[in-house]
Amino acid sequence: MELELRHLRMVLAIAEAGSVTKAAAALGLAQPALTTQLQRIERILGGALFTRDRRGVLPTPLGDLVLARARVLIPAVTGLHDEASELITAGRTARYRVGTTNGPIVAGLVRRLNDAHPGGPVSIRSTSSGNEVAQSVVEGRLDFAVLGACANPPALLPPGLNWQVITVDAVWVLINDRHPLAGRDEIALSELADEQWVGAPGDGCFYECFAAACAREGFAPRTPTEIAVSSAFDLVAAGAAVALSQGMVRQLEGAVAVPLAGVPLRWRHLIGWDPESPAAGQVAELYGYAVETYLEVIRARPRYARWLAMHPDLGVQRSVSLFPGPGLPGRPGLSGRSDPKIA
């Protein structure tokens, strides 16, 4: 007779219950049956696993060794079964484990995935670190990354993924609605040289791109204060700072978004995936939902929609892929625009 996983579960149940009688009840066994099993296990291992006194049972040194191994092996084998089940299920059912760094299209994308796959394997992980999300896709812990980046290609992301541009949008400036420049149709970045800037934390290239854009305008900006998005909006509404934002930002009380003259900064929404993963077959569907969500958001932002109509190189990018690989699978013949460089 060889030691089996069920034997380790029995030993662990006895140790956790503190008595053979209580462990038998928890396992749904008769107490004599569990006692017999324990004796067999002890014969296999060559010694007693427990000593007994009036308080119940206590593990012997051999018992402690077996329990230590059981507490590692049982979860490991359980995890193996779970992961194997997920892998088999993924072969039959589309799986969507999406990591994001937030943004205006995330909520609608989640809604569309859940509507299309009710009760299905859809999960969303949100973080401020694009590198963390991308690395999770590389390691197979996520299926897709939906990120934002100003540079092309995005800096600092791990290699091994395909990237597809969903949209390219203008970066605007968010200022207090009583700011002297608030009523302007557009603002030159150089007019904001003395402002205190505020922004959300992240590990992307945005601040480097911002500094480069300011340098082209002939000034060095104050180092932006990194703070949570909601707090950044509060500071802008209070007149204590200005912030860069996407042109499609929602209306905020006490603040107004204004275009930057000449579009000195652009923001790309990207989908990333491992081309060798089973999830690669679902990229086209995810891309389609992302585009639908973006267009829905634009319809709800009439001011940005009117501005976007005058800038046809921006908006949805249907034929642009970044490093490496062929880009969006399953979408041959899509007409689109070329991806504009950062101004």
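Trainee: Why is His-269 called buried?

Mentor: Good place to start! In this predicted model, His-269 has a relative accessible area of 4%. Buried means under 20%, so His-269 counts as buried. You will find His-269 in strand S11, which covers residues 266-273.

Trainee: What makes the link between His-269 and Thr-167 a polar contact?

Mentor: Their side chains are joined at 3.0 Å, and the cut-off for such N or O pairs is within 3.5 Å. Among the other residues that His-269 touches are Pro-104, Leu-147, Asp-169 and Met-248.

Trainee: Let's move on to the rings. Why is the pair of Trp-197 and Phe-210 called edge-to-face?

Mentor: The whole structure has 5 aromatic pairs. For Trp-197 and Phe-210, the ring centres are 4.8 Å apart and the planes stand at 65°. Centres within 6.5 Å make a pair, and planes over 60 degrees apart count as edge-to-face, so this pair earns that name.

Trainee: What does the pair of Trp-197 and Phe-210 tie together?

Mentor: Trp-197 sits in the loop between strands S6 and S7, while Phe-210 belongs to helix H7, so the pair ties together parts that are 13 residues apart in sequence.

Trainee: How do you know whether Trp-197 is buried or exposed?

Mentor: Use the test we used before. Trp-197 has 1% relative accessibility, and under 20% means buried, so Trp-197 is buried. Phe-210, with a relative accessible area of 2%, is buried too.

Trainee: Now the charged residues. What makes Arg-111 and Glu-296 a salt bridge?

Mentor: Their closest N and O atoms are 3.0 Å apart, and the limit is within 4 Å. This pair links distant parts of the chain: Arg-111 is in helix H5 and Glu-296 in helix H9, 185 residues apart. The search of the whole structure finds 11 salt bridges.

Trainee: Why is Arg-111 called partly exposed?

Mentor: Arg-111 has 37% relative accessibility. Partly exposed lies between the buried limit of 20% and the exposed limit of 50%, so Arg-111 fits that class. At 29%, Glu-296 is partly exposed as well.

Trainee: Why is Arg-178 called exposed?

Mentor: Arg-178 has a relative accessible area of 62%, and exposed means over 50%, so the word fits Arg-178. Arg-178 forms a salt bridge with Asp-177, with the closest N and O atoms 3.5 Å apart. Asp-177, at 38%, counts as partly exposed.

How values were computed:
Residues are numbered from 1 along each chain as its sequence is written. This is a predicted model: local features need pLDDT of at least 70, side-chain atom pairs count only at pLDDT 80 or more; totals for chains, interfaces and linings use all residues. Side-chain values use heavy atoms; hydrogens and water are left out. Helices (H or I, at least four residues) and strands (E, at least two) are DSSP runs, numbered from the N terminus. Buried means under 20% relative accessible area, exposed over 50%, partly exposed in between (1.4 Å probe, protein chains only). A polar contact is a pair of N or O atoms within 3.5 Å; within protein, one must be able to donate a hydrogen and the other to accept it, and residues adjacent in sequence count only if both atoms are side-chain atoms. Contact means heavy atoms within 4.5 Å. Rings of Phe, Tyr and Trp (its six-membered ring) pair if their centres lie within 6.5 Å; planes under 30 degrees apart count as stacked, over 60 as edge-to-face and the rest as tilted. A salt bridge is a side-chain nitrogen of Lys or Arg within 4 Å of a carboxyl oxygen of Asp or Glu. Lists of a residue's contacts leave out its neighbours within four places in sequence.
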